[in-house]
Amino acid sequence: MTGIEQVLERAREGVRPSPAEAVALAGFDDLPALMAAAEAIAQAGHGRRVSYSRKVFIPLTKLCRDVCHYCTFAQPPGNGAAAFLTPEQVIEIARAGAAAGCKEALFTLGDKPELRYRAAREALAALGHETTLSYLEAVARLTLETTGLLPHLNPGVMTAEDLRRLRPVSASMGLMIESVSDRLCERGGPHWGSPDKRPAARLATIRAAGELRIPFTTGLLIGIGETRAERVAALLALRELHDAHGHIQEIIIQNFRAKPGTRMASAPEPSLEAHLWTVAVARVLFGPGMTVQAPPNLQPGARAALIRAGIDDWGGVSPVTPDHVNPEAPWPRLDALAAETAGAGRVLVERLAVHPDYALNPAEWLDAALRPAVLRLSDADGLARTDSWCAGAQTAPPVGEMAPSGLARGGQASAGLASAELSPILERARAGRALSEADIVGLFAARGPDVAAVVTAADALRAETVGDGVAYVVNRNINYTNVCVYRCNFCAFSKGRTAAALRGRPYDLSHEEIARRVREAWARGATEVCLQGGIHPDYTGQTYLDVLATVKAAAPDMHVHAFSPLEVTHGAETLGLPVAAFLGELKAAGLGSLPGTAAEILDDEVRAVICPDKLATAEWLEVMRAAHGLGLRTTATIMFGHVDRPRHWARHIRHVRALQEETGGFTEFVPLAFVHMEAPIWLRGQSRPGPTFREAILMHAVARLAFHPVIPNIQVSWVKLGPAGAAAALRAGANDLGGVLMNESITRAAGASHGQEMSPAELDDLIRGLGREPRQRTTLYGTPPPERRAAARSAGPIAEIEETPLGRRKLDVAAE
C-alpha cells in the first residue's frame with residue numbers, strides 16, 4: 001500500500017489528511033481509488049441523503065465593480081436595464097417562489113457597484129440608500145417579513161460591520177473563495193481588474209463571518225487557470241477557517257463554463273475527471289461532517305458520478321427562476337433530479353438555506369429575529385418541512401414522501417426493500433430485542449423508500465402479534481379544572497387563577513357537574529371516564545379522593561382512568577404521604593388505572609425547555625413504577641414535535657421499554673403529536689409547528705418495532721391526526737383508536753379542529769374501511785358486556801356542558 005493509499009484508508013476511518021499529506025494528494029492520479037474513499041466518507045457522514053434547497057433566485061443588481069473575465073452576470077450600466085430591482089419587484093419574485101414551495105430567497109448581486117458607477121449611486125439614492133449593502137439589508141428584511149422565505153445573501157466581500165448588520169436578516173451567507181492564487185489576479189489572469197477577488201480579502205470576509213457565528217457557504221471555481229496544488233491550498237485555507245470557527249456549512253466545487261462574449265469564451269473548460277477529482281479531494285480533506293456540493297445544472301450528464309465522488313448536496317434548485325449566473329444551464333426538474341439521485345442509490349431530501357446542524361442550534365447560529373422563521377420551516381432533523389400538514393388541523397395528509405406506502409391515499413403498504421443500514425435494525429426489532437438509541441434514531445431517519453420499509457415492517461409485526469382487530473373504548477374525558485400553577489410552555493389548556501388568555505376562561509367543575517357528566521356517560525354506553533386537570537393551587541390529595549367518591553356514587557361500575565403522575569405527586573405531597581401510599585388510597589377509593597400523561601418527552605434536556613417546573617424524567621418513571629407495583633395498570637404517552645429531536649424520542653422509548661420489562665404495567669403506548677396553534681411556546685416563536693406527517697406516522701411505526709414484544713398495543717389519537725391521519729397510522733403498526741371521548745378540551749384548547757367525539761359507528765366505519773375488524777374494549781382490553789355495547793350504539797346527542805366558573809365550586813362543596 002502506497003503512502004497516499006494509507007492516507008485514504010485513514011480518511012475512511014475518520015482521520016483527515018495533514019496539510020503535508022493533502023499537498024501530496026495533488027499528485028495522486030488514481031481517480032477510482034480516490035472516489036471510492038470519498039464516497040465511503042460521504043456515506044459515513046450523510047448516509048443515503050443528498051440534499052438540495054428549493055430556492056428563488058433574486059438578482060438584486062447586475063452592476064459590479066469587478067470585471068471577472070469569465071462572468072456574464074455582471075453588466076455595465078447603459079444597456080436599458082434598471083440598476084436595481086425595486087422592492088416591489090423583489091417581493092413579486094419572492095412571492096412567486098413561495099407559491100412554488102420555495103423556502104430560500106437567494107440574493108445574488110454585484111460587488112459594491114456604487115464604488116465604480118455613478119448610475120449605481122444615483123439609483124441607490126433614489127431608493128433611499130447610500131450603499132448596496134444597506135439596500136440589501138432592507139429588501140432582505142422585507143422579503144423575510146412579507147413572504148417568510150429565508151434570505152441567503154451573496155453580496156461579495158464584506159467587513160465585519162457589514163456582516164453584523166446583515167446577520168439579523170439572513171439565515172446564511174456565502175462567498176466563493178474561488179482560488180487562493182494571487183497569480184490569477186495578475187495582468188492577463190481571470191481576476192485582473194477585480195479588487196474583490198484578492199484571496200486575502202475574501203478569506204478575511206469568511207473569517208469575520210466565523211467570528212460572528214454566521215452559517216456560511218463557500219467553495220472553489222475550478223478550471224480558470226489554477227493548478228491542482230492551488231486547489232488543495234484553497235481547500236486547506238478553508239479547512240483552517242472552519243476548524244477555528246465551525247461556520248462553513250458547505251463547500252461548493254463549481255466547474256467553470258466558457259461563455260460567449262467574455263474574455264474567456266475560448267478557454268478550455270475543466271474535464272469531468274478534473275471536477276470529480278476536486279470533489280473527491282474536498283471530501284477527503286474535510287471528512288464526513290462537511291457538506292460538499294456540486295451544482296446539478298453544470299454537469300447534467302454526470303450527476304451519478306458526482307455522487308460517487310463524494311458530494312451530498314446539489315445546492316439551490318429553483319422551480320421558478322433561472323440560474324442568472326449560468327443562464328445557459330437550466331435547472332433540472334426536481335422529479336428528474338430525485339430519480340437520478342435514487343438511481344445512484346441515494347434519496348433526495350430538501351433542506352433550508354441554513355443547513356441542519358446550524359438550524360438545530362439556533363441560539364448560537366441564528367439571530368433572534370430569524371429563529372421563528374427557521375423553526376416554522378424545519379422538521380426534527382433540521383431539514384425542510386415539505387408539506388403544510390400539521391397535527392390538529394383539517395389539512396389533508398400529504399401524498400409526497402409517504403406515497404410509496406400509500407398511507408395517505410387508502411392503499412396498502414408496499415413491501416419496499418430496506419437499505420443496508422436499516423435492514424439489521426429491522427431484524428433486531430422483529431426478534432424482540434431492545435433497540436439501542438442509535439438503532440431507534442436510525443429508524444426515525446428513514447426517508448424515501450426506507451419510510452415504506454419501516455412502515456411495512458411495523459404493520460407486518462402488528463398483524464403477527466395482535467391480528468387485524470382495531471380496538472377502542474367508549475369513554476368520556478372530564479377535565480375538571482384548567483387552572484394550573486405550572487407553566488408548561490407547550491400547554492394552551494391551563495390558565496392562571498384569574499387569567500382568561502388563549503382559549504376560554506378559567507373554570508373549576510363542581511362535583512354536581514362531574515357527577516352529571518359521569519351519569520350521562522354511563523347512559524351513553526361508556527365503560528370508562530378519564531379524569532385529568534391542571535394542578536389547581538387549592539387542590540390537595542383529598543380533592544382527588546373526593547372526585548373519585550363523586551364518580552363512584554354516580555356510576556358504581558364505571559372504570560375510573562384518572563390522574564397523571566404529576567397530579568399523583570401533587571396529591572401525595574399535600575397530604576404528606578409517600579407516592580405509593582397515596583396511590584394505595586386512590587386505588588381503595590375506586591381508581592382503576594392511570595393515564596401516562598405528563599410524560600411529554602422523557603429526557604430532561606427537553607423538559608428543561610418545555611416544562612421546567614414539572615416532574616423530572618426519573619420522577620415520572622418512579623410514579624409509574626409505584627403504580628404498577630400496586631397492580632394499577634397505566635398507559636404511556638409521548639408528546640412530540642416541538643423542540644425535541646429523534647435522539648430524545650429514542651431515549652423516551654428506551655425509558656418506557658425498560659420499565660415495562662421490569663413491571664409489565666403499561667397497557668398501551670400513545671403518541672401525541674404536538675398541536676401548536678395556540679401553544680405559548682409556538683406563539684413566542686420558540687418551537688416547530690408540530691411533527692411533520694412523516695414523523696407522526698413513523699412515531700407509530702417505530703413504537704411498534706421498538707416495543708415488540710413487551711407493549712402489544714400502539715394507539716393513535718384521532719383528535720391529533722384526524723380520521724385520515726389515524727387511518728394512516730393504523731397501516732403503520734397501530735392497532736388502537738383510543739376512545740370516543742365525548743368531550744375533548746386539552747387538544748382543542750391548543751387549536752385542534754377534529755371534533756370532540758367520534759361515535760362507535762364512525763369508528764367502526766373508519767376501521768372497516770381499512771379492511772380491519774372493529775373491537776370495542778374496556779380500559780384494560782377486556783370485552784364490555786353486551787348491555788354496554790348496545791347502549792353505546794343507541795346513544796343520543798350529548799347535552800351541552802357547563803364549565804363552572806372560578807369561585808362557584810367552593811360554594812358547591814360547602815353546600816354538600
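Student: In this predicted model, how far does helix α8 (residues 199–211) reach from its first C-alpha to its last?

Tutor: Helix α8 has 13 residues, and the expected span is 1.5 Å times one less than that number of residues. The expectation is 18 Å, and the reach in the model, close to this value, is 18 Å.

Student: Which elements do the buried residues of α8 pack against?

Tutor: The residues concerned are Pro199, Arg202, Leu203, Thr205, Ile206, Ala208, Ala209 and Gly210, which are buried in α8. Just after the helix, Arg213 takes a positive phi of about 60 degrees. The packing partners of the buried residues are α7 (160–166), β5 (216–222), α9 and β6 (248–255).

Student: How far apart are the end C-alpha atoms of helix α9 (residues 228–245), and what should its residues span?

Tutor: Helix α9 holds 18 residues, and at 1.5 Å a residue they should span 26 Å. Its buried residues include Glu230, Arg231, Arg239, His242 and His245, as well as Val232 and Leu235, and the helix is followed by Gly246, whose phi is positive, near 70 degrees. The end C-alpha atoms agree with the expected span, because they too lie apart by 26 Å.

Student: Which residue forms a salt bridge with Asp313, and is the pair buried or exposed?

Tutor: The closest N and O atoms of Asp313 and its partner Arg351 are 2.7 Å apart, inside the 4 Å limit for a salt bridge. The pair links distant parts of the chain, with Asp313 in strand β8 (residues 313–317) and Arg351 in strand β9 (residues 347–351), 38 residues apart. The partner of Asp313 is Arg351, and both residues are buried.

Student: Where in the chain do Asp381 and Arg49 lie, and how many residues apart are they?

Tutor: Their side chains meet in a salt bridge at 3.5 Å, N to O. Asp381 lies in the loop between α15 (371–377) and α16 (423–430), whereas Arg49 belongs to strand β1 (residues 49–61), so that the pair links distant parts of the chain. Asp381 has a relative accessible area of 15% and is therefore buried, while Arg49, at 23%, is partly exposed. The separation along the chain is 332 residues.

Student: Why does Arg333 count as exposed?

Tutor: Arg333 and Asp335 meet through their side chains in a salt bridge of 3.1 Å, N to O. Asp335 is partly exposed, with a relative accessible area of 47%. A residue counts as exposed over 50%, and Arg333 does so because its relative accessibility is 60%.

Student: Which strands form the edges of the open sheet that runs from β11 to β16?

Tutor: Six strands form this sheet, in the order β11-β12-β13-β14-β15-β16, with parallel pairing, and neighbouring strands are turned by 25 degrees against each other on average, direction ignored. β11 and strand β12 (residues 528–532) pair over five bridges, and Ile478 has Leu531 in β12 as its bridge partner. Each edge strand pairs on one side only, and these strands are β11 (475–479) and β16 (666–673).

Student: What is the average pLDDT of the protein, and over which residues does pLDDT stay under 50?

Tutor: A pLDDT of at least 70 is reached by 94% of the residues. For residues 497–502, where pLDDT stays under 50, the model has 15 contacts beyond four places in sequence. The stretch 808–816 is likewise below 50, with 15 contacts beyond near neighbours in sequence. The low stretches are thus residues 497–502 and 808–816, and the protein average is 93.

How values were computed
Residues are numbered from 1 along each chain as its sequence is written. This is a predicted model: local features need pLDDT of at least 70, side-chain atom pairs count only at pLDDT 80 or more; totals for chains, interfaces and linings use all residues. Side-chain values use heavy atoms; hydrogens and water are left out. Helices (H or I, at least four residues) and strands (E, at least two) are DSSP runs, numbered from the N terminus. Buried means under 20% relative accessible area, exposed over 50%, partly exposed in between (1.4 Å probe, protein chains only). pLDDT is the predictor's confidence in each residue, from 0 to 100. Contact means heavy atoms within 4.5 Å. Two strands pair if DSSP finds at least two bridges between them. Axes are lines fitted to C-alpha atoms, for helices over the stretch in contact, and angles run from 0 to 180 degrees between N-to-C directions.
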